[in-house]
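Hello,

Here is the structure we talked about handing over. Please open it before reading on; my notes follow below.

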Amino acid sequence: MELQPGTQTPISVGGKGKYLIVRSTSAPVFISADSLRPQRLESGDRINVSEFDKMFLEHKAPQTVAFDYQISDLEVRPASTSGLVVQRIIEPIEFSATVHVGDGLKVEPLSPDTMTTKPDVEIAPNAKVKICNSGFRQVSIQVISDEVTTLRVGDFHIASNRGLMVMGSKHATGSLSLDYTGELYAVNTSASTARLSIVGVK
């Protein structure tokens, strides 16, 4: 949903679940009710709304804010989204360099030099940057920008309308893992600087 500046937007929460969970928001939002002082919400936050029927959302940003939420009885901890106008939730990638399962039966130890942790990469708005050299068999990327940013990832020919899309921020990390041995590039299609963390396995 879109929240206009300087406006209180009512939402119905009664009987729908115990927790309101913020899946994504492009700026901090405040939620309140008749008996609740405004509470600040950001992507990934959750608040118990079981005592309320109607609540109100507002924000202090000068522009329209994109806000996406769900109401659930489960205290879900959203990890990331591959569309923060949310299309699906992607779990954070946990990397282990201890073992590699080859055929489901045989366990092959990995030597320490098979994993490469690269420094964070910052990409200016509308810029295309090579984020990984060739030679890795798997590359994992996380979007850890200060604000929600959208990127396209792929080979040299990526553009704002070509390549895999990944979206996120340090509050709601977007993740992508590729089995690919070539050079990888990323295009930042957002209006703010994007930051990526990258790990490669040879």
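Is Tyr69 buried, exposed or partly exposed? At 24% relative accessibility, Tyr69 counts as partly exposed, because burial would need a value under 20%. Please keep in mind that this is a predicted model.

Overall picture

The chain has 18 strands and 0 helices. Of its 202 residues, 43% are buried. Take the contacts between residues at least 6 apart in sequence: 73% of them join residues at least 24 apart.

Confidence

Average pLDDT over the chain is 81. A score of at least 70 is reached by 81% of the residues. Strand E17, residues 184–188, has the highest confidence, with a mean of 93. Strand E9, residues 99–101, has the lowest, with a mean of 53. Residues 79–89 need care: pLDDT stays under 50 there. The model still has 42 contacts for that stretch beyond four places in sequence. Where pLDDT is low, the predicted coordinates should not be read in detail.

Aromatic pairs

The count comes to 2 aromatic pairs. Phe67 and Tyr69 form one of them. Their ring centres are 5.8 Å apart, with 35° between the planes, and the pair is tilted. Phe67 is buried, at 1% relative accessibility, whereas Tyr69 is partly exposed.

Phe156 and Tyr185 also pair. Their ring centres lie 5.4 Å apart and their planes meet at 85°, so this pair is edge-to-face. The pair links distant parts of the chain, with the two positions 29 residues apart in sequence numbering. Phe156 sits in the loop between strand E14 (149–154) and E15. Tyr185 belongs to strand E17. Phe156 counts as partly exposed, at 47% relative accessibility. Tyr185 is buried, with a relative accessible area of 12%.

Lysines over rings

Tyr185 has a second partner to look at. Lys128 lies over the face of Tyr185, at 5.9 Å from the ring centre. Elsewhere, Lys60 lies over the face of Phe30. The distance from that ring centre is 5.1 Å.

The open sheet

Which strands form the open sheet, and in what order? There are 4, in the order E11-E18-E13-E16, and their pairing is antiparallel. E11 (115–123) and E16 stand at the edges. Each has a single partner strand, so one side of each is left without a neighbour in the sheet. From one strand to the next, the twist averages 15°.

The contact between E13 and E16 is easy to trace. E13 covers residues 138–143, and 5 bridges join E13 to E16. The two run antiparallel. Val143 stands opposite Gly174 in E16. Although E16 is an edge strand, E16 is mostly covered. Of the 5 residues in E16 (174–178), 4 are buried.

Ser197 gives a view from E18, which spans residues 194–201. Ser197 is buried, with a relative accessible area of 18%; the cut-off is under 20%. Leaving out residues up to four places away in sequence, Ser197 touches Asp120, Ser140, Ile141, Gln142 and Ile144. Asp120 falls within the range of E11, 115–123. Ser140, Ile141 and Gln142 fall within E13, residues 138–143.

Two more buried positions

Where is Val22? Val22 is in strand E3, residues 19–25. Val22 is buried, at 0% relative accessible area. Val22 and Ile47 are 25 residues apart in sequence. In space, their C-alpha atoms are 8.8 Å apart.

Gly168 is found in strand E15, residues 164–168. Gly168 counts as buried, at 0% relative accessibility. Leu151 is 17 residues away from Gly168 in sequence. From C-alpha to C-alpha, Gly168 and Leu151 are 9.0 Å apart.

Where to start

I would begin with the sheet E11-E18-E13-E16. Then turn to Tyr185, with Phe156 edge-to-face and Lys128 over the ring face. Leave residues 79–89 aside for detailed reading, with pLDDT under 50 there.

Best wishes

Methods: Residues are numbered from 1 along each chain as its sequence is written. This is a predicted model: local features need pLDDT of at least 70, side-chain atom pairs count only at pLDDT 80 or more; totals for chains, interfaces and linings use all residues. Side-chain values use heavy atoms; hydrogens and water are left out. Buried means under 20% relative accessible area, exposed over 50%, partly exposed in between (1.4 Å probe, protein chains only). Two strands pair if DSSP finds at least two bridges between them. Axes are lines fitted to C-alpha atoms, for helices over the stretch in contact, and angles run from 0 to 180 degrees between N-to-C directions. Contact means heavy atoms within 4.5 Å. pLDDT is the predictor's confidence in each residue, from 0 to 100. Rings of Phe, Tyr and Trp (its six-membered ring) pair if their centres lie within 6.5 Å; planes under 30 degrees apart count as stacked, over 60 as edge-to-face and the rest as tilted. A charge sits over a ring if NZ of Lys or CZ of Arg is within 6 Å of the ring centre and within 35 degrees of the ring normal.
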